[in-house]
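Let's take a walk through a model of protein chains together with DNA. Have the sequence and the 3D view open as you read.

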Protein chains: 2
Amino acid sequence: MTVPANRAAHDRIFRILRSEIMQGEIAPGCALTIRGIAERFGVSMTPAREAVRRLGAEGALTPNKAGRVTVPQLSGRRIEELAAIRALLEPELAGRARPRAHMALIKRLAQINATCEQANVQNDAAGYVRANLEFHHTLYLRAQAPAILALVETVWLQLGPTMCASYARLQGAGATAHHRKAIAALKTGDEAVLKEAIRADVTRDLHGLDGHRAGF
Amino acid sequence: MTVPANRAAHDRIFRILRSEIMQGEIAPGCALTIRGIAERFGVSMTPAREAVRRLGAEGALTPNKAGRVTVPQLSGRRIEELAAIRALLEPELAGRARPRAHMALIKRLAQINATCEQANVQNDAAGYVRANLEFHHTLYLRAQAPAILALVETVWLQLGPTMCASYARLQGAGATAHHRKAIAALKTGDEAVLKEAIRADVTRDLHGLDGHRAGF
DNA sequence: GCCCTGGTAATGTGATCACGAACCGGGCAT
DNA sequence: ATGCCCGGTTCGTGATCACATTACCAGGGC
């Protein structure tokens, strides 16, 4: 019973919840209960608690007043910070991926960007966020920099719910133009242009978010 | 019994272990057992397990083959990555702290740097690492950027054991010169010089580490 | 009508137990 | 002598139970 399918139950629950949070499937401010998670996955409280604990350590969940945990409602200041982190780390990842990027990867990125545009046309917020993350993730995997990528992913995890919830205000604003610019820079091998395209893409994503919740 | 001192037992254990790991008091490669931790702190397995889980989520502990956890032995490549992260994020924090740095803070930093030099003279590895971290932490606290600071601290957490273990090879190499340069830049308010001093300090710390363990 | 107070339900915390897997040792067969 | 098997020990995993704390709501007093 300890290892039913492939890995431990707490790890399975952690991965599922993490993916759901990163893709914005759980609204900000939504409170999660350990007993509720345990019941949903058909397990006891123990593995559910450990999954919640790990998510809390990554900043995906914030402790409430009474030990409860919720998907955090990010303040404008915090969003700006997270955007600054993305603007610093992601161009670095792109720069490291560039020398290793072959044609197959570039074609794959173009495909993902097409999915991205399609979701954008269909006003599919979750689909857009998912495809956008896949685009960046696919590129950064080539950087062979797991430590940096892990850090960036924790930032995505914190931004995911808010980005998805605020999708409306950034939709249609040339969402995929920066992606195309990055793909073009990959083809020509121009690292400076690539880094700038990624930086612009990242800050554009966040400009729509930053400020509109400045009060809290 | 639920709240012995001030907070939950698992949180207390987490904080103590995290501090010990960050300051290099636990050697890399050292394996920790949940039962051992529970026995050491006089609690049951449950809170010990949660503390280990949180530390694992922050990268302070890595899972072994059989689910056991150890303080990670960083590869040369990973050290280079973590150094790159520090070189990107810490100048940003210093730049944000500069406009808010008053004379009291600068004096405090000078005091901490004196402690740093003293530990360096006495070949006190743990003391040097601790004072060095306190120097950076004190400066970055003024940046009012908790999200970035939290990320940088997880990097310190991962680097702590290796930095402390490899202290010998970087001792005496003008360890505190960059600190003095940063303090001078704070006095004159020159942001570019401050950022460069921090960047040089961070990369200097890691140059001694990078490469000597490149094999693993 | 409003606020305070008491009780009940819900939830987190932690201990204990049972189970399974991995590691380590000695003993036996070849 | 060496390789293999088999037993015990150690440890992580997960379930269950007991307890403290907190939130929520209803009822009564001012």
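Here is a short tour, starting with some ground rules and then going from the DNA to a sheet and two helices.

## Ground rules

This is a predicted model, so to speak of local features we need pLDDT of at least 70, and side-chain atom pairs count only at pLDDT 80 or more, while totals for chains, interfaces and linings use all residues. Residues are numbered from 1 along each chain as its sequence is written, chains are lettered from A and ligands numbered from 1 in the order in which they are written, and side-chain values use heavy atoms, with hydrogens and water left out.

## Around DNA strand C

Start with DNA strand C, which has 17 residues around it. A residue counts as near if one of its heavy atoms lies within 4 Å of the strand. Arg35(A), Met45(A), Arg53(A), Ala9(B) and Ser44(B) come nearest. Of the strand's atoms within 4 Å of the protein, 56% are sugar or phosphate, and the rest belong to bases. Sorted by class, the surface here has eight nonpolar, five polar and four charged residues. In that sorting, Ala, Val, Leu, Ile, Met, Phe, Trp, Tyr, Cys and Pro are nonpolar, Asp, Glu, Lys and Arg are charged, and the others, Gly among them, are polar.

Now zoom in on single atoms. A polar backbone atom of Ala9(B) sits 2.5 Å from a phosphate oxygen of strand C, and one of Ile34(A) is 3.1 Å from a phosphate oxygen. Arg49(A) reaches a base instead: an N or O atom in its side chain is 3.1 Å from a base nitrogen. Two or more residues each come from helices H2 (34-41) and H3 (45-57) of chain A and helices H1 (9-22) and H3 (45-57) of chain B. Helices here are DSSP runs (H or I, at least four residues) and strands are too (E, at least two), numbered from the N terminus. H3(A) gives the largest share, three residues.

## Around DNA strand D

Which residues come closest to DNA strand D? Of the 18 that surround it, they are Ala9(A), Ser44(A), Arg35(B), Met45(B) and Arg53(B). Sugar and phosphate make up 59% of the strand D atoms within 4 Å of the protein. The surface near strand D splits into eight nonpolar, six polar and four charged residues.

Ala9(A) has a polar backbone atom 2.4 Å from a phosphate oxygen of strand D. Two arginine side chains join in: an N or O atom of Arg53(B) is 2.7 Å from a phosphate oxygen, and one of Arg49(B) is 3.1 Å from a base nitrogen. H3(B) gives the most to this surface, with three residues.

## A sheet in chain B

Chain B has an open sheet of three strands in the order E1-E3-E2, with antiparallel pairing. E1 (31-32) and E2 (62-63) are at the edges with a single partner strand each, so one side of each has no neighbour in the sheet. Two strands pair if DSSP finds at least two bridges between them, and E1(B) and E3 (69-70) have two. Ala31(B) has Thr70(B) as its bridge partner.

## Two helices of chain B

Is H4(B) mostly covered or mostly open? Mostly covered: 18 of its 22 residues are buried, meaning under 20% relative accessible area (1.4 Å probe, protein chains only). H4(B), residues 76-97, reaches 31 Å from first C-alpha to last.

Further along, H7 (146-165) of chain B holds Thr162(B). Thr162(B) counts as buried because its relative accessibility is 1%. Thr162(B) is 135 residues from Ala27(B) in sequence, but their C-alphas are 7.9 Å apart.

Key:
A polar contact is a pair of N or O atoms within 3.5 Å; within protein, one must be able to donate a hydrogen and the other to accept it, and residues adjacent in sequence count only if both atoms are side-chain atoms. The expected span of a helix is 1.5 Å times one less than its number of residues. Buried means under 20% relative accessible area, exposed over 50%, partly exposed in between (1.4 Å probe, protein chains only).
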